[in-house]
Amino acid sequence: MIALNIRLQDVSVIITGTSRYNNNAFDTVRVETLLVTDEPIPAEETWYVPNGNAVPPEVLEFFKISNVEMNPKKASTILEGTEDIRDQAEAENLPGVMEDAARLMLRAILKKSSLTPVAGATNAYLLSYDYKIYPIGNTNEYAFSIRVPFDGLQVASNGGKVQVNVLTPIGAQIDTAITKGVDENGLEITEVVAPITNTNRHLVSFYYQIDPEFVVHYRY
């Protein structure tokens, strides 16, 4: 299936430090995305996004070891390849079973969401969703990560770009040794961290033109 070209994916993320008030249980993430494409996206195209419900830490760890990311997934591909999970088990292919099981579990915590066309535009769309992130082990450290462009989309080769702005919680200290972007070749993308002194928060921003993954690591 051919991916759709995007001219711009502009992602704005607000992380709210709810863990300061719920005994370090979780922080809350709000993601707002603007997508500008080369051509209009067909109306029938939908994505699955986090449904906002709590996810057991053991499930998140299973996703991690199965190399499955909890990022928006295109509806037409989210369960692709999972129909052979029984055959994989019969063949004693444990990695294959784990990946298929993880993707089925992922479907259980995602909800279908259509892109919202921007009024007056023919190729601009909005997508928003919320979810929770959990402390790393028994610490007060957290990591937010997102991969852009989303599943089924690709950056246009002639000047397309992606950018991510993350507003971190009140009082969070950014670990710049771990916070980074990583491009498709494994090379690091440098972030810009700007303190917002009036509200004791930070704005972490990334900009790139291929298929990076971004990680923001912070602690209280």
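In the predicted model, N67 is placed in the loop between α1 and β4 (73-74). The phi angle of N67 is near 60 degrees, a positive value in a residue other than glycine. N67 has a relative accessibility of 69% and therefore counts as exposed, the threshold being over 50%. A positive phi, of about 65 degrees, is also found at N23, which is not a glycine. This residue, N23, belongs to the loop between β1 (4-16) and β2 (27-37). With a relative accessibility of 75%, N23 is likewise classed as exposed.

Helix α1 (residues 57-65) is packed against helix α3 (residues 94-108), the two axes coming within 9 Å and crossing at roughly 135 degrees. The two helices, α1 and α3, are therefore oblique to each other, and the crossing of α1 past α3 is left-handed. On the α1 side, the contact is made by V59, F62, F63 and I65, and on the α3 side by M98, A101, A102, M105 and L106. Classified by residue type, this contact of α1 with α3 comprises nine nonpolar residues, with no polar and no charged ones.

Six aromatic pairs are present in the structure. In one of them, Y218 and Y220 are arranged edge-to-face, with 5.7 Å from centre to centre and 85 degrees between the planes. Y142, Y218 and Y220 together form one aromatic cluster. Within this cluster, Y218 has a relative accessible area of 0% and is therefore buried, the limit being under 20%. Y142 is located in strand β8 (residues 141-147), and its relative accessible area is 0%, so that Y142 is buried. The C-alpha atom of Y142 is separated by 9.6 Å from that of A172, a residue 30 places away along the chain.

A further buried position occurs in a loop. D175 lies between β11 (173-174) and β12 (180-182), in the connecting loop. The relative accessible area of D175 is 14%, a value under 20%, and D175 is therefore buried. When neighbours within four places in sequence are left aside, D175 is in contact with H217 and R219.

The backbone also contains a cis peptide bond, which joins V148 and P149 and has an omega of about 0 degrees. P149 is situated in the loop between β8 and β9 (153-155). Strand β8 is also the element that holds Y142, a member of the aromatic cluster with Y218 and Y220.

Note on methods. Residues numbered from 1 in each chain as written. Predicted model: local features only at pLDDT ≥ 70, side-chain atom pairs only at ≥ 80, totals over all residues. Heavy atoms only, no water. Axes fitted to C-alpha atoms, helices over the stretch in contact; angles between N-to-C directions. Helix = DSSP H or I, 4+ residues; strand = E, 2+ residues; numbered from the N terminus. Parallel < 35°, antiparallel > 145°, perpendicular 65-115°, else oblique. Left-handed = near helix turned anticlockwise from the far one by under 90°. Contact = heavy atoms within 4.5 Å. Nonpolar A, V, L, I, M, F, W, Y, C, P; charged D, E, K, R; others polar. Phe/Tyr/Trp six-rings, centres within 6.5 Å; stacked < 30°, edge-to-face > 60°. Buried < 20%, exposed > 50% of the residue type's maximum accessible area, 1.4 Å probe, protein only.
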